[in-house]
Amino acid sequence: MKVGVITFPGTLDDRDAQRAVRLAGHEPVALWHGEHDLHGVDALVLPGGFSYGDYLRCGAIAALSPIMTEVVDAANRGMPVLGICNGFQMLAEAHLLPGGLVRNETGLFVRRDQRLRVERTDTAWTNRFDEGQEIVIPLKNGEGRFVATPEEVERLEGEGLVAFRYLGENPNGSIDDIAGLSNAAGNVVGLMPHPEHAVELGFGPTTTRMKAGLDGLEIFKSALEAVAA
Ligand SMILES: NC(=O)CC[C@H](N)C(=O)O
């Protein structure tokens, strides 16, 4: 399966995302923000970084890039789309996911190995987990606080759109400890932690659980099963 990884000016983690795609058994295809062509890919990853220097709000300018017209069309046709951190911010800015991401409550950039609970497993990117499973994925951002109106929060909680929640101390003040969301169809998922940094033993988070360093790989492997299904 071909997985497109889109690079925007200021993207940081595109190479790591491509490597994660390869380790999950897919073929990564490098895509450029200025193009209108998805090169026949079967799924898309919007990676993390500092697109346009985080000006306006993180992801706000990138969400207006030429390729985003194609991303929105593909997402609406059901293509699996994963937004990681800055990519999640772009998906929210493009209204493919509800709510928004704003500056962390402390005002500080946060970097930690983050415990998460998988809340939703019927999505293109979480189908290899068990509901309620605890995983550990590295978190690193300055604008990770999920916000939405009370009505939006009621709707997304009611529709079960929360894909991941922070466990332990909330790192940024996100409403309802929300770390990641999916759309109603389950093909679009965005999360603030970085699964592409937990795909190889010895390089990802270290916990007492033997395979914790591979938790992120499951997210990239899930997409293959979603497209094959
Ligand atoms: N790691 C990232 O993708 C960071 C996203 C964004 N630049 C922020 O600081 O919130």
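This is a short tour of a predicted model, starting at the ligand and ending at two loop residues. Local features need pLDDT of at least 70 and side-chain atom pairs count only at pLDDT 80 or more, while totals for chains, interfaces and linings use all residues. Residues are numbered from 1 along each chain as its sequence is written, and side-chain values use heavy atoms, with hydrogens and water left out.

**Stop 1: the ligand**

Select the ligand and the residues near it (those with a heavy atom within 4 Å). You should find 14 residues around the ligand, and the closest are G49, D54, K140, G142 and E143. Colour that shell by class and you get four nonpolar, seven polar and three charged residues. For this colouring, Ala, Val, Leu, Ile, Met, Phe, Trp, Tyr, Cys and Pro are nonpolar, Asp, Glu, Lys and Arg are charged, and the others, Gly among them, are polar.

Now zoom in on three polar contacts (pairs of N or O atoms within 3.5 Å):

- G142: a polar backbone atom sits 2.8 Å from an oxygen atom of the ligand.
- N86: a backbone N or O atom is 3.1 Å from an oxygen atom of the ligand.
- H194: a polar side-chain atom is 2.9 Å from a nitrogen atom of the ligand.

How much of the ligand's accessible area does the protein cover? On its own the ligand has 300 Å² of accessible area, and the protein covers 99% of that (Shrake-Rupley method, 1.4 Å probe). Next, highlight α3 (86-93) and β7 (134-141), the elements that give two or more residues to the shell. Helices here are DSSP runs of H or I with at least four residues, and strands are runs of E with at least two.

**Stop 2: the cysteines**

The structure has zero disulfides (a disulfide being two cysteine sulfur atoms within 2.5 Å). Pick C58: its nearest cysteine sulfur belongs to C85, 7.9 Å away. C58 is buried at 5% relative accessible area, and C85 is buried with 5%. Buried means under 20%, exposed over 50%, and partly exposed in between, with a 1.4 Å probe and protein chains only.

**Stop 3: two backbone angles**

Most residues other than glycine have a negative phi. Go to Y52, in the loop between β3 (43-46) and α2 (66-77); although not a glycine, Y52 has a positive phi of about 50 degrees. Y52 is partly exposed, at 30% relative accessibility.

Finish at H95, in the loop between α3 and β5 (100-102). H95 has a positive phi near 65 degrees and is exposed, with a relative accessible area of 71%.

Key. A polar contact is a pair of N or O atoms within 3.5 Å; within protein, one must be able to donate a hydrogen and the other to accept it, and residues adjacent in sequence count only if both atoms are side-chain atoms.
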